[in-house]
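Here is a set of exercises to work through with the structure open beside you. Take each task at your own pace, then compare your route with the worked solution.

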Amino acid sequence: MDHNAHADTARGSAAPHTPDLDVDAFTAALEDFNRFYIRLPTLEKHPFTTLSVLDTLAFGGSPRRLTELTRTEQLTQPAITQLVTRLERDGLVERRPDPSDGRAVLVHITEAGRRIGRSRHDDRTRHLAPLVERLAPEDRQALAAALPALTRLAALGRAGEHRPG
């Protein structure tokens, strides 16, 4: 049984299709790649929730209110408060009053927090480069051709991250 058929059986659902893309197979390929990618060795060792908050602040917009981070990180209010307290203690974020609402706090990423993301990106690039070199030229070309579509797909996902479906 091939991987896609196995994945369909494991999920117990028919694969959704668009006229030109098997979305289920695409999802399975992304999940398979992501399982490998998130485990690439890096010099910066931090829990996933720490990295996720730093990534949200670095690429999703800083500053953010704690309530926004609760939504994006899918954590409870006490959990995000505790995490931000630890990140602030470690010098990775700063809390500042919200100028538009004196009762609210905005969480800003610091330069030290940004450095963690850059370091992880550089580490992953170093690990991926030799693997990409081992691909056939047509596979490298296919990946290069897919980059704009993947970038647009990620932007669509971010734009709708707080809306269902």
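## Exercise 1: An aromatic cluster

Tyr37 is partly exposed, with a relative accessible area of 22%. Please keep in mind that this is a predicted model.

**Task.** Find the ring partner of Tyr37, classify the pair by its geometry, and work out which residues the ring pairs link into a cluster.

**Solution.**

Step 1. Begin with the helix: Phe33 and Tyr37 both belong to helix H2 and are 4 residues apart, about one turn of the helix.

Step 2. Now compare the rings. The centres of Phe33 and Tyr37 are 5.5 Å apart and the planes meet at 20°, so this pair is stacked. The cut-off at work here is that planes under 30 degrees apart count as stacked.

Step 3. Look for further pairs. The count comes to 2 aromatic pairs. In the pair of Phe33 and Phe36, the ring centres are 5.8 Å apart with planes at 65°, so the arrangement is edge-to-face. These two residues also lie in helix H2 (residues 23-37), 3 residues apart, which is again about one turn of the helix.

Step 4. Put the pairs together: Phe33, Phe36 and Tyr37 form a cluster linked by ring pairs.

Step 5. Check accessibility. Phe33 is partly exposed at 43% relative accessibility, and Phe36 is partly exposed at 34%.

## Exercise 2: The nonpolar core

**Task.** Identify the elements that each supply at least two residues to the largest nonpolar core, then list what Val84 touches.

**Solution.**

Step 1. Get an overview of the fold. The protein chain has 7 helices and 5 strands, and their order from the N terminus is α-β-β-α-α-β-α-α-β-β-α-α.

Step 2. Turn to the core. The largest nonpolar core contains 15 residues, and those with the most contacts inside it are Val53, Leu57, Leu69, Ile80, Val84, Val93 and Val107. At least two core residues come from each of helix H3 (48-59), helix H4 (66-73), helix H5 (77-89) and strand S5 (101-109).

Step 3. Zoom in on Val84. Leaving aside residues up to four places away in sequence, Val84 touches Leu66, Leu69, Val93, Arg95 and Val107.

Step 4. Set this against a general tendency: in soluble globular proteins, nonpolar side chains tend to be buried together. Across the 165 residues of this protein chain, 24% count as buried. Of the contacts between residues at least 6 apart in sequence, 50% join residues at least 24 apart.

## Exercise 3: A nonpolar patch on the surface

**Task.** Name the residues that make the nonpolar surface patch and find the helix that gives the largest share of the patch.

**Solution.**

Step 1. The patch is made by Leu30, Leu147, Leu150, Leu153 and Leu156, and its area is about 460 Å².

Step 2. Helix H7 (residues 137-159) gives the largest share, with 4 residues.

Step 3. Take Leu156 as a sample. Leu156 lies in helix H7 and is exposed, with a relative accessible area of 61%.

Step 4. For the wider setting, the accessible surface of the protein chain is about 11300 Å², and 59% of that surface belongs to carbon and sulfur atoms.

## Exercise 4: Salt bridges

**Task.** Find the salt-bridge partners of Glu88, Asp90 and Asp101, and decide whether each partner is buried, partly exposed or exposed.

**Solution.**

Step 1. Recall the principle: side chains of opposite charge can pair when their charged atoms come close. The structure holds 9 salt bridges.

Step 2. Glu88 pairs with Arg95, and their closest N and O atoms are 3.1 Å apart. Glu88 is partly exposed at 32%, and Arg95 is partly exposed at 26%. Arg95 is also among the residues that Val84 touches.

Step 3. Asp90 pairs with Arg89, with the closest N and O atoms 3.3 Å apart. Here Asp90 is partly exposed at 40%, whereas Arg89 is exposed at 62%.

Step 4. Asp101 and Arg103 meet in a salt bridge of 3.1 Å, N to O. Asp101 has 17% relative accessibility and counts as buried, while Arg103, at 76%, counts as exposed.

Step 5. Follow that last pair outward: Arg65, Asp98, Asp101 and Arg103 are linked in a network of salt bridges.

Notes:
Residues are numbered from 1 along each chain as its sequence is written. This is a predicted model: local features need pLDDT of at least 70, side-chain atom pairs count only at pLDDT 80 or more; totals for chains, interfaces and linings use all residues. Side-chain values use heavy atoms; hydrogens and water are left out. Rings of Phe, Tyr and Trp (its six-membered ring) pair if their centres lie within 6.5 Å; planes under 30 degrees apart count as stacked, over 60 as edge-to-face and the rest as tilted. Buried means under 20% relative accessible area, exposed over 50%, partly exposed in between (1.4 Å probe, protein chains only). A nonpolar core is a set of buried Ala, Val, Leu, Ile, Met, Phe, Trp, Tyr and Cys residues joined through side-chain atoms within 4.5 Å. Contact means heavy atoms within 4.5 Å. Patches are made of residues with over 30% relative accessible area and no salt bridge: like charges are joined within 9 Å, nonpolar side chains (Val, Leu, Ile, Met, Phe, Trp, Tyr) within 5 Å. Accessible areas come from the Shrake-Rupley method with a 1.4 Å probe; for residues, only the protein chains shown count as cover. A salt bridge is a side-chain nitrogen of Lys or Arg within 4 Å of a carboxyl oxygen of Asp or Glu.
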